[in-house]
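Student: Could we go through this structure together, one question at a time, with the reasoning spelled out?

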Amino acid sequence: MSTDVQKPSRIGETRGQRLRRILSSRVASVAALVIAVLWTIPTAGLFVSSIRPEDDIRDTGWWVFFTDPGSATLETYNFVLYSNTQGGGLIRNLINTVVITIPGVLVPVAFAAMAAYALSWINFRGRNLLYIGIFALQVVPLQMALIPLLSFFSRGLHVGGVTIMPAWELDGVNTIVQVWVAHAIFGLPLAIYLLHNFMRELPGDVMEAARIDGASHSQIFRKVVLPLVTPAIASIAIFQFLWVWNDFLVGRTFGGGEATRPLTAVLGDMAGSWGNNWTRLPAAGFIAIIVPLLVFLLLQRYFVRGLLAGSVKG
Amino acid sequence: MDISDYTDRFGLLAVGLVAFIAVLLALYGLAELASRRDRSRAVAFVFLAPAVLFLLVGLVYPAVRTIAMSFFNKDGTEFIGFDNYTWAVTDPDALQVLTNTALWIIIVPLLSTMVGLVYAVLIDGRKGERTYKALVFLPMGISFVGASIIWKLIYEYERSGDQIGLLNQMLVWLGAPPVNWLLEDPWNNLLLMVVLVWIEVGFATVVLSAALKGVPIEMIEAARIDGAKPTEIFWHITVPSIRSAILVVGVTVFIATLKLFDIVRAMTGGHHGTDVLAHNMWDQAFRLGNDGRGATMAVLLFALVIPVVIYQVRNMRRQELEAR
């Protein structure tokens, strides 16, 4: 590797080629490969386990599967999704997850976009203070809100004997409404912060020109700002999607009974007890994992953009 | 699985979406009305009202309530002063929770940032860098619960016969007896942390790898010609150039670690000496029915992020001043 150092830089070399010429080493290659493999094996193990017959899962490790690949079966998937016995019927919870996720993403993103526009382009007194307050809320652990918010839903809000908000008295499937509201609340601070970052960087003269042409704030928001920040909204929507779909705490706390909880919440309890049914967990787990993983892989570019805007700047 | 199971849920979804669209249209109409009269304060109010209302009712008011509740007994009927806090710092179980949390918030951010940084440097400019990055980044898309299932499978223990968990099988291959990992206090804590590190390293890698692209390559080349070793370049050029990104990663992982609930819940349920603040808070309030102690744990959690809040706000104000 030291012989490489003497070579002069070549014209048309990319940054990567140049870096490789200066610093490449066998040890670094091996180390990178080892980390990449170590990080991949656990998920691969889960997938292999999920397509093995249940008796095999109970008796031997997943690596034994490769001695008999013909034993692959989707039986466990079939069971956990559709069986009416205990540990099955998760299709219901999968639907809960879908029903929770769609508004759980749309509502906070829409409200955050409106708030971020007001905070970046409408002049009013106390704007900075309000923004700093929302910015600070980002870091407040949602654990601070759990107990009072749950009692707010179940008992309403009373101040000194005066009822400000009656109890919601939701039951059955309708408890999902609570989960929607909770996700909307907890998703707002980060979404507002990220969108504010993007919107503030839009060129001011574009807004000014629209104002002079007589456009109102709501028209500017809809016709100028929203189209310009669509990529940003996409990355925030992906964030929120992953957060809601993968959430355990909110769904478990506000999701009512087991039949109305999202998939992750039910799986979390199943994994916690690790009872006799644990052989079904690989398949059930993989069902929960595969959708966000696909979204994540296909839309990684947007996700990374949001990540960098949120963390490197902040 | 009845057909009504489907119709109930999708029916609710349809009603919810229609209601949401109606609210949006109403807000839009109001904003339009206010805009025509050119009242920017009124327009700002309409744009901000839903978000601010949600945050006030769902975050600000509950946070204040939680602080108040931490001074009350388990069902909130009797004022007991600082008793809950005394419990939190004297009771052996509660102390264990605090010690574990301290270990988590030190070890996980350090380890995730370090591994992420080393990996980002190793793959920087390498052929197939994107694939390398994607492989390690992938766990970011997996839920904590999913990750817990994945790792519980790895830690699985069988008293006799074939091992199912990869970790114990490796011990057996090496000729050692298998270990019931999740029961081994204090090592089980470390094994739980491994799960979070596995997830967060991907985040660290992506952010730090983006920051690395800004390190001037001429500097590295010059140092190399002067005979600097790669490790020297790493410590004297790479790390100082991306210091602020490293700090951001560390702080972000710190907050995620502090709020961690799922992994502990799904892997040990907080038993065998593995409980942490965010999980104990939930356990106290929703399983053991002690709102006062749950609230106290939440307040302690909040106290730990206050320095981060202050730091972030100051940082932001400084950036704003510079931008002006």
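Tutor: Let us begin with a term: a nonpolar core is a set of buried Ala, Val, Leu, Ile, Met, Phe, Trp, Tyr and Cys residues joined through C-beta atoms within 7 Å. Keep in mind that this is a predicted model.

Student: Which helix gives the largest share of the largest nonpolar core?

Tutor: The largest nonpolar core has 177 residues, and those with the most contacts inside it are A:Ala112, A:Ala115 and A:Leu195. The largest share of this core, 18 residues, comes from residues 176-200 of chain A, which form helix 9.

Student: Which residue of chain B does A:Ala112 touch?

Tutor: Leaving out residues up to four places away in sequence, A:Ala112 touches A:Leu188, A:Ala191, A:Ile192 and A:Leu195. The list of residues touched by A:Ala112 also holds one from chain B, namely B:Ala51.

Student: How far apart are the end C-alpha atoms over residues 94-117 of chain A?

Tutor: The unreviewed UniProt entry annotates several stretches of chain A as "transmembrane region", including residues 94-117. Over residues 94-117 of chain A the chain is 100% helix and 0% strand, and its end C-alpha atoms are separated by 35 Å.

Student: What distance separates the centres of the two domains of chain B?

Tutor: The domain assignment of chain B gives domain 1 as 3-69 and domain 2 as 94-145 + 185-323. Taken over C-alpha atoms, the centres of domain 1 and domain 2 of chain B are separated by 33 Å.

Student: What ipTM does the predictor give the complex?

Tutor: For chain B, the average pLDDT is 90, and 99% of the residues score at least 70. For the complex, the predictor gives a pTM of 0.90 and an ipTM of 0.90.

Note on methods: Residues numbered from 1 in each chain as written. Chains lettered and ligands numbered in written order. Predicted model: local features only at pLDDT ≥ 70, side-chain atom pairs only at ≥ 80, totals over all residues. Buried ≥ 20, exposed ≤ 12 C-beta atoms within 10 Å, placed from the backbone. Helix = DSSP H or I, 4+ residues; strand = E, 2+ residues; numbered from the N terminus. Contact = placed C-beta atoms within 7 Å. UniProt positions renumbered as here; feature names shortened; annotations may be inferred. Domains from an automatic or database assignment. pLDDT = per-residue confidence, 0-100.
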